[in-house]
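Me: I am new to this structure and would like to learn how to read it. Please take it one feature at a time.

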Amino acid sequence: MVGGAVGYYTGRQKQITDDHARIASYGTDIDNSVGDMDRSITYAKAAQDCYQREFTKLQAAHKAGKMTEAEGKKRFAEIISGLKETNALMTAVDGRAGENIDTCTQAYEKDLQQIGVQRQSSVSQVAKAKTSKPATAKVPKEAVDTEVKLQQADTKRSHVKQVTSRGTSMISSACNNPDVGDWGAEQCSSV
(Lines give C-alpha, C1' and ligand atoms only; values in the text may rest on other atoms or scores of the structure.)
Protein backbone atom coordinates (compact mmCIF):
# COMPACT_ATOMS: atom_id res chain seq x y z
CA MET A 1 0.00 0.00 0.00
CA VAL A 2 2.87 2.36 0.78
CA GLY A 3 4.15 1.90 -2.78
CA GLY A 4 0.67 2.65 -4.12
CA ALA A 5 0.41 5.79 -2.00
CA VAL A 6 3.83 7.00 -3.14
CA GLY A 7 2.92 6.34 -6.78
CA TYR A 8 -0.42 8.08 -6.38
CA TYR A 9 1.20 11.09 -4.70
CA THR A 10 3.97 11.33 -7.27
CA GLY A 11 1.44 11.08 -10.09
CA ARG A 12 -0.64 13.85 -8.57
CA GLN A 13 2.44 16.03 -8.13
CA LYS A 14 3.12 15.71 -11.87
CA GLN A 15 -0.51 16.15 -12.95
CA ILE A 16 -1.47 19.06 -10.71
CA THR A 17 1.27 21.52 -9.83
CA ASP A 18 -0.90 23.91 -7.77
CA ASP A 19 -0.89 22.73 -4.13
CA HIS A 20 -4.43 23.89 -3.42
CA ALA A 21 -5.88 22.29 -6.55
CA ARG A 22 -4.07 19.06 -5.75
CA ILE A 23 -5.45 19.04 -2.20
CA ALA A 24 -8.95 19.58 -3.64
CA SER A 25 -8.40 16.69 -6.07
CA TYR A 26 -7.97 14.29 -3.16
CA GLY A 27 -11.45 15.26 -2.01
CA THR A 28 -12.80 14.41 -5.46
CA ASP A 29 -11.18 10.97 -5.33
CA ILE A 30 -12.55 10.41 -1.83
CA ASP A 31 -16.03 11.40 -3.09
CA ASN A 32 -15.71 8.77 -5.83
CA SER A 33 -14.97 6.09 -3.24
CA VAL A 34 -17.88 7.26 -1.09
CA GLY A 35 -20.11 7.08 -4.17
CA ASP A 36 -19.05 3.46 -4.72
CA MET A 37 -19.85 2.69 -1.09
CA ASP A 38 -23.24 4.43 -1.35
CA ARG A 39 -24.25 2.39 -4.39
CA SER A 40 -23.11 -0.84 -2.78
CA ILE A 41 -24.93 -0.06 0.46
CA THR A 42 -28.14 0.65 -1.45
CA TYR A 43 -27.90 -2.59 -3.45
CA ALA A 44 -26.91 -4.69 -0.44
CA LYS A 45 -29.75 -3.38 1.72
CA ALA A 46 -32.26 -3.97 -1.08
CA ALA A 47 -30.97 -7.51 -1.52
CA GLN A 48 -31.08 -8.15 2.23
CA ASP A 49 -34.66 -6.88 2.39
CA CYS A 50 -35.62 -9.15 -0.51
CA TYR A 51 -34.00 -12.18 1.13
CA GLN A 52 -35.76 -11.35 4.40
CA ARG A 53 -39.14 -11.21 2.63
CA GLU A 54 -38.43 -14.55 0.95
CA PHE A 55 -37.39 -16.06 4.28
CA THR A 56 -40.64 -14.86 5.87
CA LYS A 57 -42.60 -16.51 3.02
CA LEU A 58 -40.54 -19.69 3.41
CA GLN A 59 -41.20 -19.77 7.13
CA ALA A 60 -44.95 -19.33 6.61
CA ALA A 61 -45.02 -22.08 3.96
CA HIS A 62 -43.10 -24.43 6.27
CA LYS A 63 -45.46 -23.80 9.20
CA ALA A 64 -48.52 -24.32 6.98
CA GLY A 65 -47.06 -27.45 5.39
CA LYS A 66 -47.46 -25.90 1.93
CA MET A 67 -43.99 -26.68 0.66
CA THR A 68 -42.07 -29.89 0.16
CA GLU A 69 -38.88 -30.44 2.09
CA ALA A 70 -36.86 -30.55 -1.15
CA GLU A 71 -38.26 -27.21 -2.34
CA GLY A 72 -37.84 -25.70 1.14
CA LYS A 73 -34.21 -26.75 1.35
CA LYS A 74 -33.57 -25.36 -2.13
CA ARG A 75 -35.11 -21.97 -1.29
CA PHE A 76 -33.38 -21.84 2.08
CA ALA A 77 -30.04 -22.50 0.35
CA GLU A 78 -30.71 -19.66 -2.12
CA ILE A 79 -31.49 -17.25 0.71
CA ILE A 80 -28.40 -18.09 2.75
CA SER A 81 -26.19 -18.10 -0.35
CA GLY A 82 -27.51 -14.70 -1.38
CA LEU A 83 -26.94 -13.21 2.05
CA LYS A 84 -23.40 -14.58 2.11
CA GLU A 85 -22.72 -13.10 -1.34
CA THR A 86 -24.06 -9.74 -0.19
CA ASN A 87 -21.73 -9.80 2.80
CA ALA A 88 -18.78 -10.77 0.60
CA LEU A 89 -19.59 -7.85 -1.69
CA MET A 90 -19.71 -5.42 1.23
CA THR A 91 -16.42 -6.73 2.60
CA ALA A 92 -14.79 -6.28 -0.82
CA VAL A 93 -16.21 -2.77 -1.19
CA ASP A 94 -14.94 -1.82 2.26
CA GLY A 95 -11.48 -3.15 1.46
CA ARG A 96 -11.24 -1.47 -1.92
CA ALA A 97 -12.72 1.86 -0.78
CA GLY A 98 -10.68 1.78 2.42
CA GLU A 99 -7.47 1.31 0.46
CA ASN A 100 -8.37 4.19 -1.88
CA ILE A 101 -9.27 6.47 1.03
CA ASP A 102 -6.09 5.55 2.92
CA THR A 103 -4.02 6.31 -0.19
CA CYS A 104 -5.73 9.69 -0.63
CA THR A 105 -5.30 10.46 3.05
CA GLN A 106 -1.56 9.77 2.95
CA ALA A 107 -1.10 12.00 -0.10
CA TYR A 108 -3.29 14.71 1.43
CA GLU A 109 -1.29 14.69 4.66
CA LYS A 110 1.97 14.91 2.71
CA ASP A 111 0.70 17.92 0.78
CA LEU A 112 -0.49 19.58 3.98
CA GLN A 113 3.03 19.20 5.37
CA GLN A 114 4.43 20.64 2.17
CA ILE A 115 2.38 23.83 2.58
CA GLY A 116 3.10 24.03 6.31
CA VAL A 117 -0.31 23.02 7.67
CA GLN A 118 -0.84 20.39 10.34
CA ARG A 119 -3.68 17.96 9.72
CA GLN A 120 -5.06 18.72 13.17
CA SER A 121 -5.52 22.33 12.05
CA SER A 122 -7.79 21.12 9.22
CA VAL A 123 -9.72 18.95 11.65
CA SER A 124 -10.11 21.94 14.01
CA GLN A 125 -11.32 24.16 11.17
CA VAL A 126 -14.02 21.63 10.28
CA ALA A 127 -15.17 21.49 13.91
CA LYS A 128 -15.27 25.29 14.09
CA ALA A 129 -17.21 25.51 10.84
CA LYS A 130 -19.85 23.16 12.27
CA THR A 131 -20.37 25.54 15.19
CA SER A 132 -20.15 28.70 13.01
CA LYS A 133 -17.06 29.86 14.88
CA PRO A 134 -14.60 31.95 12.88
CA ALA A 135 -11.46 30.33 11.47
CA THR A 136 -8.37 30.86 13.60
CA ALA A 137 -5.68 29.17 11.54
CA LYS A 138 -4.54 29.67 7.98
CA VAL A 139 -5.91 26.48 6.53
CA PRO A 140 -6.79 26.54 2.83
CA LYS A 141 -10.47 26.08 2.01
CA GLU A 142 -9.52 23.07 -0.14
CA ALA A 143 -7.96 21.37 2.88
CA VAL A 144 -11.07 21.98 4.98
CA ASP A 145 -13.28 20.65 2.17
CA THR A 146 -11.11 17.55 1.80
CA GLU A 147 -11.16 17.02 5.56
CA VAL A 148 -14.97 17.13 5.53
CA LYS A 149 -14.97 14.51 2.77
CA LEU A 150 -12.61 12.31 4.78
CA GLN A 151 -14.93 12.50 7.77
CA GLN A 152 -17.90 11.62 5.55
CA ALA A 153 -15.92 8.66 4.17
CA ASP A 154 -15.24 7.41 7.70
CA THR A 155 -18.96 7.61 8.46
CA LYS A 156 -19.81 5.77 5.25
CA ARG A 157 -17.28 3.02 6.04
CA SER A 158 -19.03 2.56 9.40
CA HIS A 159 -22.31 2.23 7.52
CA VAL A 160 -20.78 -0.46 5.27
CA LYS A 161 -19.80 -2.41 8.38
CA GLN A 162 -23.32 -2.03 9.80
CA VAL A 163 -24.87 -3.43 6.61
CA THR A 164 -22.44 -6.35 6.70
CA SER A 165 -23.27 -6.97 10.35
CA ARG A 166 -26.98 -6.87 9.50
CA GLY A 167 -26.42 -9.56 6.86
CA THR A 168 -24.51 -11.72 9.32
CA SER A 169 -27.34 -11.36 11.84
CA MET A 170 -29.89 -12.31 9.21
CA ILE A 171 -27.94 -15.47 8.37
CA SER A 172 -27.64 -16.38 12.04
CA SER A 173 -31.32 -15.73 12.65
CA ALA A 174 -32.36 -17.89 9.70
CA CYS A 175 -30.01 -20.70 10.66
CA ASN A 176 -31.19 -20.68 14.26
CA ASN A 177 -34.87 -20.37 13.43
CA PRO A 178 -36.71 -23.29 15.07
CA ASP A 179 -39.39 -23.31 12.37
CA VAL A 180 -37.12 -23.56 9.33
CA GLY A 181 -33.63 -24.30 10.64
CA ASP A 182 -33.99 -28.00 9.86
CA TRP A 183 -34.10 -27.12 6.15
CA GLY A 184 -30.81 -25.29 6.39
CA ALA A 185 -28.54 -27.72 8.21
CA GLU A 186 -26.19 -28.01 5.23
CA GLN A 187 -25.95 -24.26 4.52
CA CYS A 188 -25.74 -23.32 8.18
CA SER A 189 -22.97 -25.73 9.14
CA SER A 190 -20.37 -23.35 7.69
CA VAL A 191 -21.78 -20.26 9.43
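**Reading a buried residue**

Reply: Ala44 is buried, with a relative accessible area of 1%; buried means under 20%, exposed over 50% and partly exposed in between, using a 1.4 Å probe and protein chains only. This is a predicted model, in which local features need pLDDT of at least 70 and side-chain atom pairs count only at pLDDT 80 or more, while totals for chains, interfaces and linings use all residues. Residues are numbered from 1 along each chain as its sequence is written, and side-chain values use heavy atoms, with hydrogens and water left out.

Me: Which residues does Ala44 touch, not counting residues up to four places away in sequence?

Reply: Contact means heavy atoms within 4.5 Å. Ala44 touches Thr86, Met90 and Val163. The C-alpha atoms of Ala44 and Thr86 are separated by 5.8 Å, although the two are 42 residues apart along the chain. Ala44 lies in helix α2; helices are DSSP runs of H or I with at least four residues, strands are runs of E with at least two, and both are numbered from the N terminus.

Me: How do I read a nonpolar core, and which elements give two or more residues to the largest one?

Reply: In soluble globular proteins, nonpolar side chains tend to be buried together. A nonpolar core is a set of buried Ala, Val, Leu, Ile, Met, Phe, Trp, Tyr and Cys residues joined through side-chain atoms within 4.5 Å. The largest here has 26 residues, and those touching the most other members are Tyr26, Ile30, Met37, Met90, Tyr108, Leu112 and Ala143. Two or more residues each come from α1 (2-15), α2 (19-64), α3 (69-114) and α5 (141-175). The largest share, 8 residues, belongs to α3. Another core, of 15 residues, lies apart from it and includes Phe76, Ile80, Met170 and Val180.

Me: What span should α3 have, by its number of residues?

Reply: The expected span of a helix is 1.5 Å times one less than its number of residues. For the 46 residues of α3 that gives 68 Å, and its end C-alpha atoms are 67 Å apart, which agrees. Just after α3, Gly116 takes a positive phi of about 80 degrees.

Me: How many aromatic pairs are there?

Reply: Rings of Phe, Tyr and Trp (its six-membered ring) pair if their centres lie within 6.5 Å; planes under 30 degrees apart count as stacked, over 60 as edge-to-face and the rest as tilted. The count comes to 2. Tyr8 and Tyr26 have ring centres 5.8 Å apart and planes at 45 degrees, so the pair is tilted. Phe55 and Phe76 are edge-to-face, at 6.2 Å centre to centre and 65 degrees between the planes.
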